[in-house]
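Open the model in your viewer and keep the selection tool at hand. We will take it stop by stop, with a few residues to pick at each one.

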Amino acid sequence: MARQPAKTLWYDRPRYVYLEFCVEDSTDVKVVIEDQRLVFSCKNADGVEFYNEINLYARVNSKDSREKRSDRSITCFMRKWKEKVAWPRITKENIKPAWLSVDFDNWRDWEGDEEVERAMVEQYAELFVSHPDAGEGDRQRPPTSHG
């Protein structure tokens, strides 16, 4: 079966560029983030192979970039080499592949909006922890029974 590109959404933030590869129930996920290129591949539940290769608009810090897999997609967040410089597009070439779209749900004018981004990155980072924090919520003692 031939490989095909995964539908991909992207958006820009002051410190990171985000890419979401929309593949449900992915397996064999491989993400290679280089300084100026990203290569993504996986299979879906039906065995269809997906492959995307993107020459990035600008340089990223590959060592400070991550990906997160969910049941619906694989999200990559790549640390920009030059922070606070907006990317007009994700690709080096001034072309828009049919499979690539701006994620308008997450896109916004971010100048001076670093707190929001930091919170998002911390939220993603928490997902890397293998166990959720069981200590959330009220810490009250159980009632004692006198009987």
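Start with the whole chain in view: of its 147 residues, 35% count as buried. This is a predicted model. Colour by secondary structure and you should find 1 helix and 8 strands. Reading from the N terminus, the order is β-β-β-β-β-β-β-β-α.

**Stop one: the aromatic rings**

Across the whole structure there are 7 aromatic pairs. Select Tyr11 and Tyr18 to begin: their ring centres are 4.7 Å apart and the planes lie at 5°, so this pair is stacked. Are these two side chains buried or exposed? Tyr11 is buried, at a relative accessible area of 5%, and Tyr18 is buried as well, at 0%.

Now add Tyr16 and Phe77, an edge-to-face pair with 5.9 Å from centre to centre and 65° between the planes. Tyr16 belongs to strand S2 (residues 16–21) and Phe77 to strand S7, so follow the chain between them: the two are 61 residues apart. Both Tyr16 and Phe77 are buried. Keep the four residues selected together, since Tyr11, Tyr16, Tyr18 and Phe77 form one aromatic cluster.

**Stop two: the salt bridges**

Side chains of opposite charge can pair when their charged atoms come close. How many salt bridges does a search of the whole structure find? The search finds 8.

Pick Glu83 and Arg15 from among them; their closest N and O atoms are 3.3 Å apart. Glu83 sits in the loop between S7 and S8, while Arg15 sits in the loop between strand S1 (8–12) and S2, and 68 residues separate the two. Glu83 counts as partly exposed at 30% relative accessibility, whereas Arg15 counts as buried at 19%. The cut-off for buried is under 20%.

Next, select Lys43 and Asp28, whose side chains meet in a salt bridge at 3.8 Å, N to O. This pair links strand S4 (residues 37–43), home of Lys43, with strand S3, home of Asp28, and the partners are 15 residues apart. Lys43 is partly exposed at 30% relative accessibility, and Asp28 is partly exposed at 45%.

Move on to Arg59 and Asp35, which form a salt bridge with an N to O distance of 3.5 Å. Arg59 is in the loop between strand S5 (49–55) and S6, and Asp35 is in the loop between S3 and S4, so the bridge ties together parts 24 residues apart in sequence. Arg59 is partly exposed, with a relative accessible area of 36%, and Asp35 is partly exposed at 30%. Before leaving this stop, select Arg15, Asp64, Arg79 and Glu83: salt bridges with shared partners join them into one network.

**Stop three: a negative patch**

Switch to a surface view and highlight Glu24, Asp25, Asp46 and Asp71, which form a negative surface patch. Look for Asp71 in the loop between strand S6 (60–69) and strand S7 (74–80). Asp71 is exposed, with a relative accessible area of 53%. Asp25 is in the loop between S2 and strand S3 (27–33) and is partly exposed, at 40%.

**Last stop: two backbone angles**

Stay on Asp25 and check its backbone: phi is near 50°, a positive value in a residue other than glycine. Then jump to Lys84, also not a glycine, with a positive phi of about 60°. Lys84 lies in the loop between S7 and strand S8 (100–102), and at 49% relative accessibility Lys84 counts as partly exposed.

Terms used. Residues are numbered from 1 along each chain as its sequence is written. This is a predicted model: local features need pLDDT of at least 70, side-chain atom pairs count only at pLDDT 80 or more; totals for chains, interfaces and linings use all residues. Side-chain values use heavy atoms; hydrogens and water are left out. Patches are made of residues with over 30% relative accessible area and no salt bridge: like charges are joined within 9 Å, nonpolar side chains (Val, Leu, Ile, Met, Phe, Trp, Tyr) within 5 Å. Accessible areas come from the Shrake-Rupley method with a 1.4 Å probe; for residues, only the protein chains shown count as cover. A salt bridge is a side-chain nitrogen of Lys or Arg within 4 Å of a carboxyl oxygen of Asp or Glu. Lys and Arg count as positive and Asp and Glu as negative; His and the chain ends are not counted. The place of a charge is taken as NZ of Lys, CZ of Arg, CG of Asp or CD of Glu. Helices (H or I, at least four residues) and strands (E, at least two) are DSSP runs, numbered from the N terminus. Buried means under 20% relative accessible area, exposed over 50%, partly exposed in between (1.4 Å probe, protein chains only). Rings of Phe, Tyr and Trp (its six-membered ring) pair if their centres lie within 6.5 Å; planes under 30 degrees apart count as stacked, over 60 as edge-to-face and the rest as tilted.
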